[in-house]
Structure formats: structure tokens, C-alpha cells
Amino acid sequence: DFRGVPVLAVTRYFPHLRLGFVAKLDRDEAFKGLLRIRNISLLALAVALVALELVFMTIQRSMLKPIQHLAEIATKISEGDLSRRVTEEPSRTDEIGELARDFNRMTQALVEANTGLEAKVRERTAELERSNSELAQFAYIASHDLREPLRMVTCYVQMLERRYKDQLDEDAHKFIGYAVDGSARMRGLIDDLLAF
């Protein structure tokens, strides 16, 4: 307009009156309401984003971190560290606290079961060592008791062969050979049984 101020204007010409009508409004005044609505909208959006961030942080602190903590403890336990326990969450009264308490009870049950199994393994190992010792002693005595008569039979058969070598026929020499060979095989079986 004539003042050098930007304006919004509407014109209308009335031909039968040969008149024109001009209506004008300063541009700043025209957009003042829209600017106020824009500023309020941006402020509301900023407040909503801050509120969403606070809600997310609350959810993360109250749910995600405890679950992540439980997962870390579970990983350590699965690697064999049965001394781990969930320490912060059991005081909670919600589902996460209940889960943490159940988790600690399960870990304690694993420790007790593991301790019981270790005790049983030690007990059975001691029984096996005692049994193996008795078996080794029995095998030594049995093999000695079995070898002695075998040595005596072999020795007397060989003495017969040496003394009466010229008086024995071919069949007698063959029978003596069978007896000596059978004694040697029997000694091998006793040695193998003792080794087993």
C-alpha cells in the first residue's frame, strides 16, 4: 500500500454503479492468527516428543533393563557360573520381580542338584576304586593259583620227555608236545585274563 507495508487486498468492481470497492488488511495482521496456531502446534509437538521420550525411558528402565539383566545372568549361568543371582529385581512386585525370584529359585535348585550329583559321583568313584582294588587283588591271587599247577604239569611232562626220551615211541612224544603246547596256551589265556 501507500505506506510501503505488505497487505492482502480484495477488489470488486460494480459496473452498473461505475464504482470499485477495495478492501485491504495488513499482511502481518492477517497471518497473526495462523502464526499463533503454528507456534502452539510446534510447542505441543515438542511437549509430546518430550513426553514420549520420558515414557520410553520409563519403560526402558522398568522393563527392558531388568530383562536384559536377567538375560546376562542366564548367559553366565549357562557358561557354568552357578554363583550368579539376580539381585535388584526380586524386590519388585510385578511380573519381572516374580520372574527374578523364580530365576533365583531355579538357579538354587541347579546348585543343589549339582552338589548332589557331585557327591554321588565321588561316592561311586570311591566304590569303583575299592572294587577295582579288590578285583586286581583277586586277579593276582587267582592267576598265581592257576599258574602254579600249570607250571608243575608242564615241568613234569618235560621231565618225563627228557628222562624217557629214548624209551617213548612217536605217539608219546606227540602227546607230550600237545600237553606242553596246551600248557603254554593256558598260560597265555591266564596272562590275557589278568591283563583284562
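**View 1. Gly97, tucked away in helix α2.**
In this predicted model, Gly97 is buried, and its relative accessible area comes out at 0%. The residue belongs to helix α2. Try finding Val86 from here: Gly97 and Val86 sit eleven residues apart along the sequence, and their C-alpha atoms are 9.7 Å apart in space. Val86 turns up again in the next view, as a member of the largest nonpolar core.

**View 2. The largest nonpolar core, with six residues.**
Which residues make up this core? They are Leu70, Ile73, Ile77, Val86, Ala100 and Phe103. Both α1 and α2 chip in, each with at least two residues of this core. The largest share, three residues, is supplied by α1. As a general point, nonpolar side chains in soluble globular proteins tend to be buried together.

**View 3. Phe103 and the residues it touches.**
Leave aside residues up to four places away in sequence, and Phe103 touches Leu70, Ile73, Ala74, Ile77 and Val86. Several names here may ring a bell: Leu70, Ile73, Ile77 and Val86 belong to the largest nonpolar core, and so does Phe103.

**View 4. Helix α1, a run of 52 residues with a bend.**
Helix α1 covers residues 27-78. How far apart should its ends be, at 1.5 Å a residue? The expected span is 76 Å, and the end C-alpha atoms are 72 Å apart, so the two values agree. Follow the helix along and you'll meet a bend of about 40° at Gln60.

**View 5. The buried side of the story for α1.**
Which residues of α1 are buried? Pro66, His69, Leu70, Ile73 and Ile77 are the ones to look for. What do they pack against? Their partner is α2, which covers residues 95-163. Just after α1 comes Gly80, with a positive phi of about 110°.

**View 6. A hairpin built from β1 and β2.**
Strand β1 takes in residues 7-14, and strand β2 takes in residues 19-26. The two pair in the antiparallel sense, over eight bridges. For one pairing to pick out, look at Val10, whose bridge partner in β2 is Ala23. Is β1 well covered or hardly covered? It is hardly covered: of its eight residues, the number buried is zero. As for strands in general, the side chains of a regular one alternate between the two faces of the sheet.

**View 7. Arg18, in the turn of the hairpin.**
Four residues lie between β1 and β2, and Arg18 is found in that loop. Its backbone has a positive phi of about 55°, although Arg18 is not a glycine. For background, most residues other than glycine have a negative phi. Is Arg18 buried or exposed? With a relative accessibility of 71%, Arg18 counts as exposed.

**View 8. A salt bridge between two helices: Asp191 and Arg147.**
There are five salt bridges in the structure, and this one pairs Asp191 with Arg147. The closest N and O atoms are 2.1 Å apart. Asp191 lies in helix α3 (residues 170-195) and Arg147 in helix α2, so the pair ties together parts that are 44 residues apart in sequence. How open are the two partners? Asp191 is partly exposed, at a relative accessible area of 32%, and Arg147 is partly exposed too, at 24%.

**View 9. Glu148 and Arg151, a salt bridge within α2.**
Here the side chains of Glu148 and Arg151 meet, with 3.3 Å from N to O. Why are they about one helical turn apart? They are three residues apart in helix α2, so about one turn separates them. Glu148 counts as partly exposed at 41% relative accessibility, and Arg151 is also partly exposed, with a relative accessible area of 41%.

**View 10. Arg185 and Asp181, a salt bridge within α3.**
Which residue forms a salt bridge with Arg185? The partner is Asp181, and the closest N and O atoms are 3.4 Å apart. Both residues lie in helix α3, four residues apart, about one turn of the helix. Arg185 is exposed, at a relative accessible area of 55%, whereas Asp181 is partly exposed, at 41%.

Notes
Residues are numbered from 1 along each chain as its sequence is written. This is a predicted model: local features need pLDDT of at least 70, side-chain atom pairs count only at pLDDT 80 or more; totals for chains, interfaces and linings use all residues. Side-chain values use heavy atoms; hydrogens and water are left out. The expected span of a helix is 1.5 Å times one less than its number of residues. The bend at a residue is the angle between axes fitted to the seven residues ending there and the seven starting there. Buried means under 20% relative accessible area, exposed over 50%, partly exposed in between (1.4 Å probe, protein chains only). Contact means heavy atoms within 4.5 Å. Two strands pair if DSSP finds at least two bridges between them. A salt bridge is a side-chain nitrogen of Lys or Arg within 4 Å of a carboxyl oxygen of Asp or Glu. A nonpolar core is a set of buried Ala, Val, Leu, Ile, Met, Phe, Trp, Tyr and Cys residues joined through side-chain atoms within 4.5 Å.
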